[in-house]
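Here is a walk through the fold, strand by strand and helix by helix. Have the viewer open and follow along.

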Amino acid sequence: SSQEKKSMDLDLIKSDGTLLPSTLYWRGHFDGNGTLRTIDLSVIDATDRRKVENLLSLQANTDELTSLKNRRAFFELATIEWSRASRYGRPLAVVLFDVDNFKEVNDTYGHAAGDKVLKWVALTLKSCFRRDTYCARYGGDEFVAILPETTVESARVLAERFRHEIESTKIPIDSGLTLSVTVSLGLASVTEGDRNIHSVINKADEALYHAKGEGRNKVVIYNSLAQSNEV
C-alpha cells in the first residue's frame, strides 16, 4: 500500500457569515493495485499563517522608509500596465522626479532630516495623484509614478499640482525647525516606438535632466523635447 499527501488553501464560511482562512489537508491510501481505498481529511485554521504571509509579501514589495512600493514591485506592475497600454492603444504616462539639491539637505541638517523630507514628499505624492497611480521610490531621493489611462497632458496637471504643493509646504524637521524643498519632474507617455516600460522611463529621465538644467523646480514633458528637436 502507499499514501499520497496534498493540501490546499481555502476560505470557509462560518455560521455568522464571516470567512475563516483555512488549509485543507488530505491523505489518500492506495492498495497494491494503485486503487484509492480511503481518504483522511483535516482542516486547519490558517488565520495566523495568512497574516504572516501577507505581512512578508507587503514588506517584500514596500520601501521601508516611505511606505511606497519599492523598485522591484513597481516594475512588476508597470510592465503589466505598459503591455496593456501598448496592446490596446491606451494612454499611459510616467512621471519621474527627485528632490532638488537633496544632498545639501543631508549635509546641512543630517540624514534624519533628509529621511523626514523623503517621507513628507511620499505622503504628498500619494495625496496629489489619483488612487490608481502606482507610486514608488526609485532610489535615493528619486521617485517614479505610472498613471494608467492618462495622457501626458493630464499627467502634467497632476504633476504641477504636486510640484506646487511641495514648493509651498514647510516641512517640520525637529524642535520647530522647518525646511522648504522643491522637486523637478520629467514626464513621458507610451508611444509606438517603445520596446518596453524601460523605454518610457528613459524618456522621462531625459525630461527630468532638462528640468534640472532649466533651473529646477519645473515639470518638463519629453514629447515637447522631441518635437522641438525635430524643428
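Before we get to how helices cross, a word on angles: axes are lines fitted to C-alpha atoms, for helices over the stretch in contact, and the angles run from 0 to 180 degrees between N-to-C directions. With that in hand, take helix α3 (residues 102-109) and α4: their axes come within 6 Å and cross at roughly 140°. Angles over 145 degrees count as roughly antiparallel and 65 to 115 as roughly perpendicular, so α3 is oblique to α4. On the α3 side the contact is made by F102, V105, N106 and Y109, and on the α4 side by H111, A113, G114, V117 and L118.

**How far to trust it**

This is a predicted model. The mean pLDDT of the protein is 86, with 88% of the residues at 70 or more. Confidence is highest in β9, at 97, and lowest in helix α1 (residues 47-61), at a mean of 58. Where pLDDT is low, the predicted coordinates should not be read in detail.

**The overall picture**

The protein has seven helices and ten strands. Of its 231 residues, 40% are buried. Among contacts with a separation of 6 or more, 59% are between residues 24 or more positions apart.

**The sheet**

Five strands make up an open sheet with mixed pairing, in the order β5-β6-β4-β9-β10. β5 (134-139) and β10 (219-221) sit at the edges with a single partner strand each, so one side of each has no neighbour in the sheet. On average, neighbouring strands here are turned by 20° against each other, direction ignored.

What lies across this sheet? Helix α5 (residues 152-167) does, covering β4 (92-99), β6, β9 (183-189) and β10, and it runs at about 170° to β9.

**Two hairpins**

β5 and strand β6 (residues 142-148) are antiparallel partners over five bridges. C135 stands opposite A145 in β6, and G139 has E142 as its bridge partner. This hairpin has two residues between the strands, and G140 takes a positive phi near 60°.

Strand β7 (residues 171-174) and strand β8 (residues 177-179) are also antiparallel, over three bridges. Here P172 is bridged to T178 in β8. Two residues lie between these strands as well, and S175 has a positive phi near 50°.

**Helix α2 and its partner**

Does the length of α2 come out shorter than, longer than or in agreement with the 1.5 Å a residue rule? The 18 residues of α2 (residues 71-88) should span 26 Å, and the end C-alpha atoms are 26 Å apart, which agrees. Buried in α2 are A73, F74, F75, A78, E81, W82 and A85. Right after the helix, G89 takes a positive phi of about 65°.

The axis of α2 comes within 9 Å of that of helix α6 (residues 197-213), and the two cross at roughly 105°. That makes α2 roughly perpendicular to α6. F74, F75, A78, T79 and W82 of α2 make the contact, together with I197, H198, V200 and I201 of α6. Several of those names come back from the buried list, including F74, F75, A78 and W82.

**Positive phi values**

Most residues other than glycine have a negative phi, and most peptide bonds are trans. Here are the positive values side by side.

| Residue | Phi | Place |
|---|---|---|
| G89 | about 65° | just after α2 |
| G140 | near 60° | hairpin of β5 and β6 |
| S175 | near 50° | hairpin of β7 and β8 |
| E149 | about 55° | loop between β6 and α5 |
| N217 | near 55° | loop between α6 and β10 |

Are E149 and N217 buried, partly exposed or exposed? The cut-off for buried is under 20% relative accessible area, with exposed over 50%. E149 is partly exposed, because its relative accessibility is 36%. N217 is buried, because its relative accessible area is 18%.

**One more loop residue**

R131 lies in the loop between α4 (111-128) and β5. At a relative accessible area of 88%, R131 is exposed. Its C-alpha atom is separated by 9.6 Å from that of L147, with the two positions 16 residues apart along the chain count.

Methods:
Residues are numbered from 1 along each chain as its sequence is written. This is a predicted model: local features need pLDDT of at least 70, side-chain atom pairs count only at pLDDT 80 or more; totals for chains, interfaces and linings use all residues. Side-chain values use heavy atoms; hydrogens and water are left out. Helices (H or I, at least four residues) and strands (E, at least two) are DSSP runs, numbered from the N terminus. The expected span of a helix is 1.5 Å times one less than its number of residues. Buried means under 20% relative accessible area, exposed over 50%, partly exposed in between (1.4 Å probe, protein chains only). Two strands pair if DSSP finds at least two bridges between them. Contact means heavy atoms within 4.5 Å. pLDDT is the predictor's confidence in each residue, from 0 to 100. Angles under 35 degrees count as roughly parallel, over 145 as roughly antiparallel, 65 to 115 as roughly perpendicular and the rest as oblique.
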